[in-house]
Structure formats: C-alpha cells, structure tokens
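Q: Could we walk through a structure together, feature by feature, so that I learn how to read each one?

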Amino acid sequence: MNIKNKLFLGIGLLVAMIVMLVVLSIVNLQVLTATEPDSPAAVPALHRALVWISIFGAACICIGVVMLAVLPGSINKPIKTLVNGIMEIADHNYNKRLDLGKYEEFAEVSDSFNRMAERLAEYQKSALTDIIQEKKYSEAIVNSIKEPILGLDKERRVLFANDGALTVLNLKREQIIGESAYDLALKNDLLRRLIRELGQVDGNKDPLKIYADNKESFFQVKYIPIYMVPTGEKEQHYIGDVISLQNITEFKELDSAKTTFISTISHELKTPISSIMMSLKLLEDSRIGSMNDEQQMLSKSIKESTDRLLEITGELLKMTQVETGKLQLNPKITKPIELIDYAVKANRVQAERFNCHIEVEYPEKISKLFVDSEKIAWVITNLLSNAIHYTKENGRIIIGARQKDKVVELFVQDFGKGIDPRYHQSIFDRYFRVPGTKVQGSGLGLAISKDFVEAHGGTIKVDSELGKGSLFTIQFQV
C-alpha cells in the first residue's frame, strides 16, 4: 500500500469514527432528552450513552495516535534514506544503493538513484585508471630527467622528487614524499639551503658545490613558481614551486681551464710584446740613424699594434683576476675629481687626435669616496676612451660627478651614434660587441668595468638612444 492510500484510509477512518461519535452523541442526547429524569430507564440510558461515546472516543484517539506514529515515519523514513544516499554519493561512495521498493512513490526515485550511482562508479573506475596512468606517465618523465628536480606545494610539502634529487639529498623516496620540507630541512643541510633561498626574490645566483657522482660537482639552482587556473575560475592561483638543479660541473671545469689558459697566454705574451717595443725604441733612437717617411709610418703602425696588444693582454689579466677571485681591492679615501682628472689626462692625446672637446662638470661640495682609486680610475678612463671613439670629429663629451642624498654618481656622456636599447644589458657581457660597430675592441672593457664597480658595492648603468649619444653612470653609496 502506498503512502497516498495509507493517508486516505487513515484519515477516512478517523473522519468516519468522528462522524459516528457525533451521530451517536446526538442520538443519545435526543433519547435522554425524551426520557423523564425520574423514570427508571433514564439511568441505564445515560450509562449506555456514556459507554458508546467513550468507546467511539477512545477509538478515535487510538486511530489518531496510530496515524501520528505511523504516517510521519512512513513518509520521513524513505526521505531520510534518500538524503543519506545522496550524502554517501557526495562523499564519493559510489557503491551505495537504495531499496525503496516497498514505497511506491519512491520506487522510481530509488531506481534512478541506483542507476546514477552505478554510472558514477563506472566513471570513477575509468577516470581513476586514467589518473593513475597519467600519474605514472608523469613520474616516468620526471625520473627520466637526469638533473635533480624537486616539487613542493604551497605549504612546502614534497610532492615529487626524481632519482637525481634523491641522490644529491641522500634521502629515500619514502622518507621525503608527502613530508614537510621544513621538517626534512632540519636534518639536511642542502635542503635547508634550497628552502631558505626559495623565498628570496633573486633566488640563488652562485652555483652550489655538492659532492655527487663520486666527485665535487657544481649545480645551478632554478626556482620555478607554478600557477594553475582552478575549475570554474578565471584567475591563476599559486600552487607551489619546482626546484631544478642543473649540473654545470663540466662548464665550470671548462671555464676554469679557459681562465687558466687566458692567464697563461696573457703572461707569456707580455714578454715578446715588451721586446718588440724595446726594439722599436732602439730603431727610433736618433743615434742609430734617421728613418725615412715609409719607415716612420711602419714604425708608427708597429707601435700602435703593440700598444693594442698590451691593452688586450692587460684586460685579459684583469678579467682572470675577477674570475679566479684573486681581485684585491686597496680602498682609500679619494676625491671624485682626482679620478676624473686622471681619466682626462690619460685620454688627452686620444681626444686631441679625434679633435674631441672634453667638458668637466663638478659641484663645489661632494662627498669623498672610499674606493680603490686605481681600479675605479681605470673604469672611468675606459668609459671616456669609448666615448671618444664613438664621438664624431669636433664632438663634445661631458665627464663629471654629482651627489643625490647619500649616492655619489660619476658619469661620462657623449653625443655620438648611441646604442640600440636591445643591447643595453648585453654590452656588459664579456666579448660582446654591438653589431655593426667599426671600432676595434676586445669586448672586455665594459665587462671588467662592471666587475670592478660591483666589487666596490656600486652599480654601473647606461642610458642611450640611437642618434642622441650615451650616458654611462657609476653609483656609489657614501
């Protein structure tokens, strides 16, 4: 019997009993009204009326109580069962099934629910298989990469680590996966350093020296933040980081060999160059004899070439000092004007040769610098020499100093052809020369200048525009 019939039958029976009770009460009331109060039949009639009214009243009460106890439960129970089933499905329990066949109204709902759960269970199995397969595929890709790779979520729990990472960290997979990187870092020096530098803006610039592959190896660390667009959203959310360690041991060894080679060659070249210059001076000595015009021209060409060779070998030696960490600074209190005067005097002959006009701008009051005057003077001399080479004949060059708060700036400005903005950063790289330039050079001057300035804690930058010249600025904190 369905709930509708139960309700109809129960309410109908209750209504019928109430009607019978009312009819019986009316009948007995009429009988009692027609009977004389003093008549012997009045008392028995009254008792009969009370008995029947009590019986029907009790029956109405019982029926009402039964309906109150049974009907809500019969309605609430299947609904509660259905709600519980839906909650199980929401908790990904797709094996849940409902049996509401005895409730005709819920039989169709029960069948639909079971069909839905069965399809969800099939989908879960197929989706889970795909997910597991994709996970294994991803793990295979990560493990196939020889370079150490470590994945962290935004709470810094370890999500994955390939074999290379486990090797350099000296940890096993079961010890690291799913664990907090902070907790692991307490007992692992390498991981502690990686996590510490993960929060830094610039990351790790210097290579890490790690004992790996049975030798001392060098690794360059890269931190890659990972972002993802969650389902139903449009904006990216930060979900973690990938730490990659690139083995640069081979490049480091080649770089060391290159530095050693350049240093050796530079030292060896100085001896024959000095011999050539000495021989040239002897040839130019008037006591030996005068030279004709052709010989003088040849002598001048040889002198320029030897000067150029000496300049190149000097730059190479300075570069090797920087690369090998043997750069020694002898700082002392120096006035900026002394550095500027040195550069102007060193380039006076060259400026006269190109007919360049050098202007000095220097304020009355400016702080002194605590620098290695020899090296910073070399930097300014190099910048001024470059400016002369890139300035047209009868051109104008400005060299000077200024102070902004606690920052002293030394600058060299020319009004030549300028530098394409694409090369503003590259010109400070070693051996780089701006494409299309006709001025001879080794491509080391600006690179060495940058190393010298940064060794003092300063910065060097360029502002340039094609056709309007270039402004090189050196900044020091005072």
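Q: Which residues are buried in helix α10 (residues 336-346)?

A: This is a predicted model, and every statement below should be taken in that light. In helix α10, the buried residues are Pro336, Leu339, Ile340, Ala343 and Val344. When one looks down the axis of α10, these buried residues fall within an arc of 130°, so they line one face of the helix. Tyr342 and Lys345, on the other side of α10, are exposed.

Q: How many helices and strands does the protein have, and what share of its residues is buried?

A: The secondary structure comes to 13 helices and 12 strands, and buried residues make up 35% of the 478 residues. The accessible surface is about 30900 Å², with 57% of it belonging to carbon and sulfur atoms. Of the contacts between residues at least 6 apart in sequence, 61% join residues at least 24 apart.

Q: Which residues make a nonpolar surface patch?

A: A patch is read from side chains that are not hidden, and here Ile11, Val15, Val19 and Val23 make a nonpolar one of about 310 Å². Ile11 belongs to helix α1 (residues 3-34), and its relative accessibility of 44% makes it count as partly exposed.

Q: What caps the N-terminal end of α7?

A: The cap is Asn188, which places a side-chain oxygen 3.3 Å from the backbone nitrogen of Leu190. Leu190 is also one of the buried residues of helix α7 (residues 189-198), a set that further comprises Leu191, Leu194, Ile195, Glu197 and Leu198.

Q: How many salt bridges are there, and how should I read one of them?

A: Side chains of opposite charge can pair when their charged atoms come close. With a side-chain nitrogen of Lys or Arg required to lie within 4 Å of a carboxyl oxygen of Asp or Glu, the count comes to 11 salt bridges. One of them joins the side chains of Arg156 and Asp241, at 3.3 Å from N to O. Arg156 lies in the loop between β1 (149-153) and β2 (158-161) while Asp241 is in strand β5 (residues 237-247), so the pair ties together parts that are 85 residues apart in sequence. Both ends are hidden from solvent by the accessibility criterion, since Arg156 is buried with a relative accessible area of 14% and Asp241 counts as buried at 7%.

Q: Are the partners of the Arg173 salt bridge with Asp163 buried or partly exposed?

A: Arg173 and Asp163 form a salt bridge in which the closest N and O atoms are 2.7 Å apart. The pair links Arg173 in helix α5 (residues 173-176) with Asp163 in helix α4 (residues 163-169), 10 residues apart. Arg173 is partly exposed, with a relative accessible area of 31%, and Asp163 likewise counts as partly exposed, at 41%.

Q: Which residue forms a salt bridge with Glu409, and which residues are linked in a network of salt bridges?

A: Glu409 pairs with Arg402, the closest N and O atoms being 2.8 Å apart. Here Glu409 counts as buried at 5% relative accessibility, whereas Arg402 counts as partly exposed at 28%. The network links Asp153, Glu155 and Arg157.

Q: What does the side chain of Asp372 reach?

A: For a polar side chain that is covered, it helps to ask what its atoms meet. Asp372, in the loop between β8 (369-371) and α12 (373-389), is buried, with a relative accessible area of 3%. Its side chain reaches the backbone nitrogen of Asn330 at 2.9 Å. Apart from neighbours within four places in sequence, Asp372 is in contact with Gln328, Leu329, Asn330, Pro331 and His456.

Q: What is the phi value of Asn394, and what is that of Asp405?

A: The sign of phi is the thing to read, together with the place of the residue. Phi of Asn394 is near 65°, a positive value in a residue other than glycine, and Asn394 lies in the loop between α12 and β9 (396-404). Asp405, in the loop between β9 and β10 (407-414), has a phi near 55°, again a positive value in a residue other than glycine. Asn394 is partly exposed, with a relative accessible area of 48%, while Asp405 counts as exposed at 75%.

Technical notes
Residues numbered from 1 in each chain as written. Predicted model: local features only at pLDDT ≥ 70, side-chain atom pairs only at ≥ 80, totals over all residues. Heavy atoms only, no water. Patch = residues over 30% accessible without salt bridge, like charges linked within 9 Å, V, L, I, M, F, W, Y side chains within 5 Å. Areas by Shrake-Rupley, 256 points an atom, 1.4 Å probe, with all protein chains shown as cover. Helix = DSSP H or I, 4+ residues; strand = E, 2+ residues; numbered from the N terminus. Buried < 20%, exposed > 50% of the residue type's maximum accessible area, 1.4 Å probe, protein only. Arc of directions from axis to C-beta. Polar contact = N/O pair within 3.5 Å; in protein donor to acceptor, adjacent residues only side chain to side chain. Contact = heavy atoms within 4.5 Å.
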